[in-house]
Amino acid sequence: MKRMYNIMMVLGVLATLASCGKKEKAEDTISTPIEEGKGIMGTWKLVYGEVKTEDSLEVKDLSNTEFVKILNEDHFAFFNQVKDTADGFYGGGGTYSLDGDTYKERLDYVGVKEIRGHEFTFNVEIKGDTLIQSGVEDVPEAGIKRHIVEKYIRIK
């Protein structure tokens with residue numbers, strides 16, 4: 001039961017991480033490559049997440065959990081912790097690349113074998129201290145096909 005819960009939590013986060021389609025950039029949107037100062041590198045806290053499947057839309061309830069994503073020059077890691085308990089902790093990480101507003105993650109370190117080694121492609125935008133990541137997660141061997149949108153704020 002606990003393993004299934006952990007798998008569902010990881011899949012939920014991955015769903016939130018990916019969403020599809022390139023969006024036209026608004027004038028106030030800055031897509032910041034790694035080479036330009038802080039850019040995408042840093043520590044980010046998830047403040048909004050949604051998952052769309054064929055017939056449903058789920059907005060993540062983040063009131064009782066903390067989800068943090070850390071990016072350096074070429075690696076990323078994420079951690080989720082239910083507040084005030086050790087229950088529901090999970091994490092993962094791997095390598096990433098950024099080309100303009102196209103962000104690709106290769107998930108090398110995660111407890112769910114079916115998604116280990118998979119590459120996820122996202123569109124990213126940085127607006128001030130907000131990172132918006134969207135794309136489609138499609139991992140047939142894990143039964144995943146969904147569009148995600150995630151919004152993070154930079155932790156100072």
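Trainee: Which residue forms a salt bridge with Arg154?

Mentor: This is a predicted model, and a salt bridge here is a side-chain nitrogen of Lys or Arg within 4 Å of a carboxyl oxygen of Asp or Glu. For Arg154 and its partner, the closest N and O atoms are 3.9 Å apart. The partner is Asp129.

Trainee: How many residues apart in sequence are the parts that Arg154 and Asp129 tie together?

Mentor: Arg154 belongs to strand 9 (residues 144-154), while Asp129 sits in the loop between strand 7 (118-127) and strand 8. Helices (H or I, at least four residues) and strands (E, at least two) are DSSP runs, numbered from the N terminus. Because of these two positions, the pair links parts whose separation in residues is 25.

Trainee: Is Arg154 buried or exposed?

Mentor: Buried means under 20% relative accessible area, exposed over 50%, and partly exposed in between (1.4 Å probe, protein chains only). Asp129, at 31%, is partly exposed. Arg154 has a relative accessible area of 11%, so it counts as buried.

Trainee: How reliable does the predictor say the chain is; what is its mean pLDDT?

Mentor: pLDDT is the predictor's confidence in each residue, from 0 to 100. Of the residues in the chain, 76% reach 70 or more. The mean is 82.

Trainee: Over which residues is the pLDDT below 50?

Mentor: In this predicted model, local features need pLDDT of at least 70 and side-chain atom pairs count only at pLDDT 80 or more, whereas totals for chains, interfaces and linings use all residues. Residues are numbered from 1 along each chain as its sequence is written, and side-chain values use heavy atoms, with hydrogens and water left out. The stretch below 50 has 104 contacts (heavy atoms within 4.5 Å) beyond near neighbours in sequence. It covers residues 1-36.

Trainee: How many strands does the chain have?

Mentor: Read along the sequence, the pattern is α-β-β-β-β-β-β-β-β-β. Alongside one helix, the number of strands is nine.

Trainee: How many bridges join strand 5 to strand 6?

Mentor: Two strands pair if DSSP finds at least two bridges between them. Strand 5 runs antiparallel to strand 4 (residues 75-82), with six bridges, among them the one between Asn80 and Tyr90. Strand 5 also runs antiparallel to strand 6 (residues 102-110), where Asp99 is bridged to Thr102. The count of bridges between strand 5 and strand 6 is eight.

Trainee: Which residue takes a positive phi in the hairpin of strand 5 and strand 6?

Mentor: This hairpin has two residues between its strands. The positive phi is near 65°, and the residue is Gly100.

Trainee: What is the area of the nonpolar surface patch made by Ile70, Phe79 and Phe89?

Mentor: Phe89 lies in the loop between strand 4 and strand 5, and at 45% relative accessibility it is partly exposed. Patches are made of residues with over 30% relative accessible area and no salt bridge: like charges are joined within 9 Å, nonpolar side chains (Val, Leu, Ile, Met, Phe, Trp, Tyr) within 5 Å. Accessible areas come from the Shrake-Rupley method with a 1.4 Å probe, and for residues only the protein chains shown count as cover. The patch area is about 260 Å².

Trainee: How many salt bridges does a search of the whole structure find?

Mentor: One of them joins Glu58 to Lys60, with the closest N and O atoms 3.5 Å apart. Another joins Asp108 to Arg106, at 2.6 Å. The search finds a total of six.
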